[in-house]
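Got the viewer open? Keep your selection tool handy, and let's take a walk through this one together.

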Amino acid sequence: MLKVPVEAPSSFAENGFLLVETVFTAEEMAACKATAKEQVENTSGPSGVHVWMCDTIPSLFEAVSCDARMSAILRPLIGPSIEFLSAKPVFKSPSVHFASPWHQDQAYWGGATKWSAWIALEDATIENGCLRVIPGSHRRKRDHASVRDARGFTNRVSDEDLEGETIIDVEMKCGDVLVFHDRLLHSSHPNRSGRERWSFIPTYRNADVPDTSTVWSTSKPMDAPGRRSLIQPR
Ligand SMILES: O=C(O)CCC(=O)C(=O)O
């Protein structure tokens with residue numbers, strides 16, 4: 001059974017993120033990466049973000065998003081009634097030599113707080129484009145500029161606006177999970193590895209809190225009965 005440290009809620013409240021190591025097995029992550037590649041590689045550009053809403057997501061990815069291990073991590077942070085909203089595989093092809101820009105997800109979503117989980121489908125390193133975060137930045141909403149170019153992410157906070165802030169590079173092993181608040185400032189390094197980098201990011205909200213966001217018209221209870229389980233439930 002996955003052990004979530006008792007200090008997880010206070011650490012999350014302080015930092016706006018929580019890293020939990022060794023949540024999924026290498027076999028589970030390899031199966032997800034292979035399926036994600038089949039499903040989305042040819043439908044997105046070199047820096048691929050492909051969003052599945054909860055009612056159209058392939059069953060394997062719903063199983064990962066709503067797995068009992070994810071529930072065990074999220075309940076202490078969100079509460080007992082969690083709604084699964086949507087999820088996205090994110091890949092950086094070997095030709096993605098640009099960083100993903102700094103942003104808060106809430107600039108895209110509005111409404112009540114959401115929680116996302118960055119699940120490493122393979123090791124994520126500074127070389128292949130791991131996530132970067134600014135601890136504590138979830139406490140304040142930042143202004144975002146609207147920009148359209150090949151890097152995607154149309155709402156951005158510029159590097160100059162972040163001078164003096166503490167930035168952490170979040171290197172992760174395959175199967176690790178980083179949960180983060182939708183106001184946490186984050187970006188990711190360019191991929192200089194010559195290989196692909198794959199992650200998978202489900203998003204959730206507290207079902208007991210009204211949400212004015214218009215991004216989602218569907219949601220599913222995280223603990224719905226009869227859902228497909230993962231390849232190797234622990
Ligand atoms: O995985 C990445 O490289 C960045 C993803 C991200 O920032 C996002 O989806 O909000």
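Let's begin with a cysteine: is Cys32 buried or exposed? Select Cys32 and you'll find that this residue is buried, with a relative accessible area of 1%. Bear in mind as you go that you're looking at a predicted model.

Stay with the sulfurs for a moment. How far is the sulfur of Cys32 from the closest cysteine sulfur? Add Cys174 to your selection: its sulfur is the closest one, at 9.4 Å, and that is too far for a bond. Now jump to Cys54, which is also in no disulfide, with the nearest cysteine sulfur, that of Cys66, 8.4 Å away. Cys54 is buried, with a relative accessible area of 1%. Search the whole structure and the disulfide count comes to 0.

Next stop, the nonpolar interior. The largest core has 39 residues, and the ones to select for the most contacts inside it are Phe24, Met70, Ile119, Phe200 and Tyr204. Helix α4, residues 68-78, supplies the largest share of this core, with 5 residues.

Zoom in on Phe200 and show its neighbours. Leaving out residues up to four places away in sequence, Phe200 touches a list including Trp52, Phe61, Pro89, Trp118 and Ile119.

Then color α4. Its buried residues are Arg69, Met70, Ser71, Ile73, Leu74, Leu77 and Ile78. Follow the chain on from α4 and you arrive at Gly79, whose phi is positive, near 125 degrees.

How values were computed. Residues are numbered from 1 along each chain as its sequence is written. This is a predicted model: local features need pLDDT of at least 70, side-chain atom pairs count only at pLDDT 80 or more; totals for chains, interfaces and linings use all residues. Side-chain values use heavy atoms; hydrogens and water are left out. A nonpolar core is a set of buried Ala, Val, Leu, Ile, Met, Phe, Trp, Tyr and Cys residues joined through side-chain atoms within 4.5 Å. Buried means under 20% relative accessible area, exposed over 50%, partly exposed in between (1.4 Å probe, protein chains only). Helices (H or I, at least four residues) and strands (E, at least two) are DSSP runs, numbered from the N terminus. Contact means heavy atoms within 4.5 Å. A disulfide is a pair of cysteine sulfur atoms within 2.5 Å.
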